[in-house]
Amino acid sequence: MFLRKQFISVNDVVSWNLCIGCGACVPACDKRSISMTSFETSGYRPVTISSACIRCGQCLKVCPGVRVESELGYQPDPGVELLLGPSRKIMIGHASAPDIRYRGSSGGLLSALALYCLENENVDFVLQTATDPIVPWKNRTVFSRTREELLSAAGSRYVPSSPCAAFSDPEMGTGKFVFIGKPCDVAAFKQLKEIRPELAARNVLTLTFFCAGTPSERGTLDLIRSLGISCDQVDQLRYRGEGWPGNFTIRYENGSRHRSVSYQESWGFIQKYRPFRCHLCPDGLGELADISCGDAWHRHGQDENPGLSFAMVRTERGEEILKKAMACNYLELSPANSEEMIQAQGLVNRRKEIHGRILALRLLGLPHPVYPGFHLSQLWKKNTTLKNIKTVAGTIKRILKKGYLHSVSS
């Protein structure tokens, strides 16, 4: 395999701008030679203690910058399943509890599912991402053990996180847990469980959300400054939620003042700061989780409702938990279909371009991730020739403009 020859450790993944910062390499390393460090312009990145690293390649086995594997042998129908990935059912709805629905980004489904497991499935904690209480535009990984802790982490966070690194944290203990992460985090966790089977035995449910990429910290800082606010004055920051989709809201000067801009305006600003690996993602809809959730944008603005999401049930375990959560009145859901998903989520069309973006890397002789099981070449063939030419040319242009033609270390 080209990648195995090219990459010796995660340092190589970072130097070729293919790291996504999931942190799975930290618990994968038996020598404990890797730690995660936050960089303003890129995100969380692994730093290796060279004297301890034996270049065994264990870290590369879990790295989504090297490989993300879908269901091998799965043969999707030539239509919508190619776009959406395999699912057992698609539902639409929201959390039953009004406070959870209000606090969530688009109906609170993930929070409600996690809460059900915490209160009914003998789950000890939920491993998730929350606001850093000291630096409000940063994230931290938390182990939520109560309803209050769970809800304090509700809502989207459009800055980097590194949740898989927490699997090496002693605070995690030996209890059962629910994992909530980005689709790339879930992909890394799936691969980590293959070399750490004890984690698989303890993992009750894996949840994710539809994701168009994670901007760097610099994006948020530049947005704050563009609003005429000094970053050292910021006390609280919310990206969305408390309404659908909710505003980007900053509280500053000891909470005495606040400033808000719309979700559309804030995302339009910070999405330009997404790292290169996000543009190569084949799985924005989270097909490797038990359940993935995301905005039902086609219903936005109807009845002024405070949030509505799709729930895509990917596994038998996910279907079982969802049914029980509905029966216990944690969720209010009704059947939906793939056509609604495609209507609501422009994100699904990005998947048609990934093969072309990888092709651009290959034409330039650059290393790239491999994605067995995603059937990306089949999707690529559904585009027009002009569209495919623009995809390849646009990727090459981005690589040259950003200076990605050479590794950082070269």
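1. Helix 8 in this predicted model has 13 residues, and its length is regular: at 1.5 Å a residue the helix should span 18 Å, and its end C-alpha atoms lie 19 Å apart, which agrees.

2. Much of the interest of helix 8 is in its buried residues, which are Pro183, Cys184, Asp185, Val186, Ala187, Ala188, Phe189, Gln191 and Leu192. These residues pack against helix 3, strand 6, helix 9 (197–202) and strand 7 (203–209).

3. The largest nonpolar core has 51 residues. Val13, Leu127, Phe167, Met172, Phe177, Phe179 and Tyr371 have the most contacts inside this core. At least two residues each come from helix 2 (10–15), helix 3 (25–28), strand 4 (125–131), strand 6 (177–180), helix 8 (183–195) and helix 14 (354–363). Helix 8 gives the most, with six residues. In soluble globular proteins, nonpolar side chains tend to be buried together.

4. Met172 deserves a separate entry. Neighbours within four places in sequence aside, Met172 is in contact with Phe125, Leu127, Phe143, Ala166, Phe167, Phe177, Leu199 and Arg202.

5. A second core, separate from the largest one, has 31 residues, among them Leu109, Ile180, Tyr330 and Leu333.

6. Strands 8, 9 and 10 form an open sheet in the order 8-9-10, with antiparallel pairing. Strand 8 (234–238) and strand 10 (257–261) are the edge strands, each pairing on one side only. From one strand to the next the twist averages 15°.

7. Within that sheet, five bridges join strand 9 (residues 248–252) to strand 10 in the antiparallel sense. Opposite Arg251 stands His258 of strand 10.

Conventions:
Residues are numbered from 1 along each chain as its sequence is written. This is a predicted model: local features need pLDDT of at least 70, side-chain atom pairs count only at pLDDT 80 or more; totals for chains, interfaces and linings use all residues. Side-chain values use heavy atoms; hydrogens and water are left out. A nonpolar core is a set of buried Ala, Val, Leu, Ile, Met, Phe, Trp, Tyr and Cys residues joined through side-chain atoms within 4.5 Å. Buried means under 20% relative accessible area, exposed over 50%, partly exposed in between (1.4 Å probe, protein chains only). Helices (H or I, at least four residues) and strands (E, at least two) are DSSP runs, numbered from the N terminus. Contact means heavy atoms within 4.5 Å. The expected span of a helix is 1.5 Å times one less than its number of residues. Two strands pair if DSSP finds at least two bridges between them. Axes are lines fitted to C-alpha atoms, for helices over the stretch in contact, and angles run from 0 to 180 degrees between N-to-C directions.
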